[in-house]
Amino acid sequence: MTSTLESRIVEFDVRTDEMLVNMGPQHPSTHGVLRLVLRTDGEVVSEVTPHIGYLHRCAEKIGENLTPRQWIPYTDRMDYLAGMNMNLGWSLCVEKLLGVEAPERGQRLRVIIAEMGRIASHLVGMGAYGLDLGTFSPFLYAFREREKILDLFEQACGARLTYSYLTPGGATADLPVGWTDACLAFLDQFEPIIADYHTLLTTNAIFIKRTAGIGVLTPQMAVGYGCTGPVLRGSGVDFDLRRDGDPLYTRMYADLAYEIICERNGHYPNDQPYPAVPGEAVLGDCWHRFYVRMLEVVQSVRLVRESIRKYAASSGDHGQPIKLFEKLPPGECYLETEAPRGQMGFYVVTTGDAIPWRARARSSCFSNLSVAPELCRGVLLADVPAVVGSLDIVMGEIDR
Amino acid sequence: MSPTDRLLQKFGDAVRPVAAERGDPWFEVDADRLVAVCQYLRDDAAFGCDMLNCVSGVDTLQADPKRRPPQGRGPGIELVYHLSSTRLKHRITLKLILPRWQDEAAQQLPEAPSLTGLWPTADWHEREVYDLMGVRFVGHPNLVRILCPEDWEGHPLRKDYEMPLEYHGIRGR
């Protein structure tokens, strides 16, 4: 990166002074309330300091005063773009502690809902990333499809943003009659549209110029900084908790056919119908992080289709009754799930009461964002939104 | 010899395995050997813990007489380190037990060694624990508050923390 910095200074040969620039906390491309203090020399950024905490709502403190069932609505509000996946993480953590497992039908239902949540979340990630780079229409197209998923969620649980649908033991209700048909109809309509997104962004010359080779994150750096999810897989590290995580979680995905999107030996799996990697792209740059998200959407579609088939054939109830004030056995456990933005971990310590002694959330974006100062060293001012946007952060999850 | 046995043999009394009835087992580590143990876990081929997932703080003070503290533990601050390996796909939990105050009368924060030299991700995680739980990490390059404002008083996740009545003219409670 230093070589770029030097070459640009020589190229322009303009005398500039160092300047501190505040970006945020309320700026559209900071994805919430993130304040970035940039030290700039002309157009070149030499240092970025993120300041977080503007959305800190003491979720962990509240978790120490509520039963696990009562804390579910707070998990929704952490990652408000993928509330279903947050519900699932906390539910599984509590189930691990209690030593119970959702019945088969409940597990199939959870996979359907969680993967639909992943599609909805990646659509926002993709659309908002286009917005960061100055293109507006992909944002509208992405939200058009996301709204249809939210309609499906509304039919299932009555809410469009904060669901509280998946709870310890299973789900609050079974899917309504005809829901799976509506879901399949949506997938049939949605799948061809993915090609439009590739035309609009992935293969767009301007988009490639703005993202390829920018903010390169090496695999060693990604792992060292605890980056997870598409940020880690965009750097070529083959790690996904749906396959490598806790047995309680991986069991849900064990008999489903899907691929973990990650570059192996220079190419992506099943990438024939999708655009090729442009020559300018370097593994671990903004373009790769974006591309991994786009391909993951297709895998989620596959997972939902298959899970719906298995859900229809499954037996049992949608959930086990776990009472609101049920006593939790004394113990402690930690469980991570693969949320759309990375590994979402929950840690719970209980003492035998109904209320946990400590409820801790390890958020994926917290670690993902901590790498931003490293990535933004020596880039141009206009590339800072490109780098921060490619991490796909949600401030509610970072600040909790 | 299994990797765990080698770990226990190498560090002797400084690492003690604890099997929990519910949930994950953990290793209790002495504060002065923590960095050495973590470096061993990271660099040894059989462990290969290249990722520090999470650093959590737990306060085990019983401030509310109606609630039971976690079993068999006196008042103290526990630091829980969740490590995992992206290559071998396994997880290890380490636990460090600190007193609540270095010196009760002077209200001096307890100290733990920083792991920023081993994993850069420890930087933010340790700042968060310092901010909310009040543990001073020795060797941390920039130990300032991360979630609360810089001039905030007290550490909100401690069990005896009391919400301030006023902050810069804003009424609390």
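Start by selecting A:E60, A:E64, A:R358, A:R360, A:R400, B:E128 and B:K159: a network of salt bridges links these residues. Keep in mind as you click around that this is a predicted model.

**Stop 1: one pair in the network**

Zoom in on A:R400 and B:E128. These two form a salt bridge, with 2.3 Å between the closest N and O atoms. If you want the general idea, side chains of opposite charge can pair when their charged atoms come close.

**Stop 2: the interface**

Now show the whole contact between the two chains. Chain A puts in 53 residues and chain B puts in 44 residues. Together they bury about 4,000 Å², and 55% of that is on carbon and sulfur atoms. Across this interface there are seven salt bridges, along with 22 residue pairs in polar contact.

Next, colour the chain B side by element. Strands β3 (51-59), β4 (77-84) and β5 (91-98) and helix α3 (122-133) each supply at least two residues of the side that touches chain A. Which element of chain B gives the largest share of that side? Pick β3(B), which brings eight residues. Colour the chain B side by residue class and you should get 19 nonpolar, 12 polar and 13 charged residues.

**Stop 3: B:D59**

Stay on strand β3 of chain B and select B:D59, which is found there. Is B:D59 buried or exposed? Its relative accessible area is 1%, so B:D59 counts as buried.

Show what surrounds it. Leaving out residues up to four places away in sequence, B:D59 touches A:W357 from the other chain, and within chain B it touches B:G76, B:I77, B:R100, B:M133, B:L157, B:R158 and B:K159. You've already met B:K159 in the opening network. The side chain of B:D59 also reaches the backbone nitrogen of B:L61, at 3.2 Å.

Now add B:R100. Its side chain meets that of B:D59 in a salt bridge, 2.9 Å from N to O. B:R100 sits in the loop between β5 and β6 (111-113) of chain B, so to speak 41 residues away from B:D59, and the pair links distant parts of the chain. B:R100 is buried too, at 8% relative accessible area.

**Stop 4: two salt bridges in chain A**

Switch to chain A and select A:E115 and A:R242. Their side chains form a salt bridge at 3.5 Å, N to O. A:E115 is in helix α5 and A:R242 in helix α12 (residues 241-244), 127 residues apart. Both residues are buried.

Then select A:R251 and A:E101, whose side chains meet in a salt bridge of 2.8 Å, N to O. A:R251 lies in helix α13 (residues 247-253) and A:E101 in the loop between α4 (83-98) and α5 (104-132), so this pair ties together parts of chain A that are 150 residues apart in sequence. A:R251 is partly exposed at 44% relative accessible area, and A:E101 is partly exposed at 30%. Over all chains, the salt bridge count comes to 49.

**Stop 5: B:P25 and the annotated domain**

Back to chain B: select B:P25, in the loop between β1 (15-18) and β2 (26-29). At 53% relative accessibility, B:P25 is exposed. Setting aside residues up to four places away in sequence, B:P25 touches B:V18, B:A19, B:A20 and B:T93.

Finish by selecting residues 28-163 of chain B. UniProt, in an unreviewed entry, lists them as "domain: NADH:ubiquinone oxidoreductase 30kDa subunit". The end C-alpha atoms of this span lie 32 Å apart, and the span is 16% helix and 24% strand.

Technical notes. Residues are numbered from 1 along each chain as its sequence is written. Chains are lettered from A and ligands numbered from 1 in the order in which they are written. This is a predicted model: local features need pLDDT of at least 70, side-chain atom pairs count only at pLDDT 80 or more; totals for chains, interfaces and linings use all residues. Side-chain values use heavy atoms; hydrogens and water are left out. Contact means heavy atoms within 4.5 Å. Buried area is the accessible area (1.4 Å probe) that two parts lose on being put together, summed over both. A salt bridge is a side-chain nitrogen of Lys or Arg within 4 Å of a carboxyl oxygen of Asp or Glu. A polar contact is a pair of N or O atoms within 3.5 Å; within protein, one must be able to donate a hydrogen and the other to accept it, and residues adjacent in sequence count only if both atoms are side-chain atoms. Helices (H or I, at least four residues) and strands (E, at least two) are DSSP runs, numbered from the N terminus. Ala, Val, Leu, Ile, Met, Phe, Trp, Tyr, Cys and Pro count as nonpolar, Asp, Glu, Lys and Arg as charged, and the others, Gly among them, as polar. Buried means under 20% relative accessible area, exposed over 50%, partly exposed in between (1.4 Å probe, protein chains only). UniProt positions are given in the numbering used here, feature names are shortened, and annotations may be inferred rather than shown by experiment.
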